[in-house]
Amino acid sequence: MGTSQRNGAAPDGCVAPIHRYYSDRAWIEGAAEDQLTLVAGMAGVSRVAAFPDLHPGKYGPVGSAILADRIYPQLIGNDIGCGMSLFALGLPRRKLKVDKAAQRLRALEGVWSGDAAARLASEDLPAGLHAQALGTIGGGNHFCELQFVESVSDEAALSATGLTGGDLVLLVHSGSRSLGVSVFGSVLGSFGGLAPDGKPGKAYLAAHGQAVRWASLNRRIIAERAAEALRCEIRLIVDAPHNLVERNAGCFLHRKGAAKADLPLVPLAGSRDAYSYLLKPLHAEPDALASLAHGSGRKYDRRSMTGRAGTTKSDRETLQRTSFGGKVVCEDRQLLIEEAPNAYKDPAQVLKDLQSFGLAGAVARLQPLLTFKKAVSDIREPARRDKQRRLKERRAAR
């Protein structure tokens with residue numbers, strides 16, 4: 001059972017229990033605990049679940065799930081629909097050359113040149129809905145990572161995905177980009193909560209739903225761009241969002257950095273110099289609100305990483321390689337430092353806590369080979385691509 005604690009009464013007289021699914025070995029900041037207490041005291045909140053990747057967020061605790069009788073947009077934040085998508089790659093590992101792949105994945109930088117209108121329409125989204133941002137990774141902790149199945153814990157569960165030990169996979173972490181920022185910006189004055197049957201609440205839920213679908217499509221297109229660059233096919237294994245609100249038994253379940261666990265499998269992301277895991281939710285704890293940790297979680301905030309990592313040129317060069325012999329493409333100096341491996345907790349400990357509370361079982365361990373975050377764009381490249389496209393069109397018209 002998760003440890004439970006009742007806090008002071010909320011403004012409307014309700015008291016919400018906090019269910020903590022982490023051990024004393026988890027690195028949990030006091031500020032994150034304070035945020036849990038504040039959230040538990042918010043009007044209409046009935047239950048809070050916190051996971052071992054818990055850390056402080058701008059508007060509330062990251063790594064938590066909150067059940068309430070109203071909608072709290074700040075508990076989702078501006079990256080609505082952000083999540084992890086895992087894809088199988090149709091490329092044998094023996095044929096992968098990491099340095100060459102790193103050069104090819106630079107194609108992920110910049111605007112996607114595909115048919116955005118058609119892809120948006122396929123998801124029942126307006127044709128011009130933030131089309132310029134579609135297919136882009138973004139900053140912060142977002143990434144596109146090439147991995148391989150390093151070890152298998154549950155042969156049957158992994159076999160059901162069509163994967164086997166040694167196979168290459170692609171883990172994509174991104175969200176709704178500028179769309180989510182726009183949706184959240186429209187409700188910045190609604191931090192007291194939105195009634196679901198009111199006009200503002202209905203408008204937010206509709207825009208939120210679009211952002212969740214947009215984010216899922218965005219991850220798919222990022223993976224397609226990566227596969228095209230690597231000259232192989234992809235196949236979706238699981239798409240698991242972790243920033244969203246859903247209706248749940250007459251209430252609203254908010255997840256902020258908490259993966260949907262009502263799926264057959266869920267990815268647990270490590271840092272770029274740590275293993276990631278594929279998990280099987282076990283649903284042993286109803287108070288966990290059908291949620292799981294989404295990753296290792298931050299140990300240090302971005303601002304405090306200055307001075308902790310990358311203080312010299314050689315240190316920064318070291319950050320572009322992993323202890324596994326893998327490669328990191330991150331040519332933004334500040335981002336490289338902010339996202340250094342020591343900024344994050346140990347994903348193996350996060351997994352141990354989830355297992356000890358009966359929340360999930362390990363299916364496979366995934367080792368990073370190549371992490372793409374940010375490349376320096378060549379401003380001449382878009383013009384070069386347009387010229388090549390026009391030449392192809394002229395030849396086809398002859």
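**Exercise 1. Find how much surface the protein exposes, and what share carbon and sulfur atoms supply.**

Step 1: the exposed area is about 17300 Å². It comes from the Shrake-Rupley method with a 1.4 Å probe. Step 2: carbon and sulfur atoms supply 50% of that area.

The model is predicted: local features need pLDDT of at least 70, side-chain atom pairs count only at pLDDT 80 or more, and totals for chains, interfaces and linings use all residues. Residues are numbered from 1 along each chain as its sequence is written, and side-chain values use heavy atoms, with hydrogens and water left out.

**Exercise 2. Decide how compact the protein is for its 398 residues.**

Step 1: list the secondary structure, which comes to 10 helices and 16 strands. These are DSSP runs (helices: H or I, at least four residues; strands: E, at least two). Step 2: the radius of gyration, taken over C-alpha atoms, is 21 Å. Step 3: the globule rule (2.2 Å times the number of residues to the power 0.38) gives 21 Å, so the protein is as compact as a globular protein of that length.

**Exercise 3. Place Ala116: is this residue buried or exposed?**

Step 1: Ala116 sits in helix H3, residues 116-122. Step 2: its relative accessibility is 12%. Buried means under 20%, exposed over 50%, partly exposed in between (1.4 Å probe, protein chains only). Ala116 therefore counts as buried. Step 3: beyond neighbours within four places in sequence, Ala116 is in contact (heavy atoms within 4.5 Å) with Ala131 and Leu134. Step 4: Leu134 is 18 residues away from Ala116 in sequence, with 7.2 Å from C-alpha to C-alpha.
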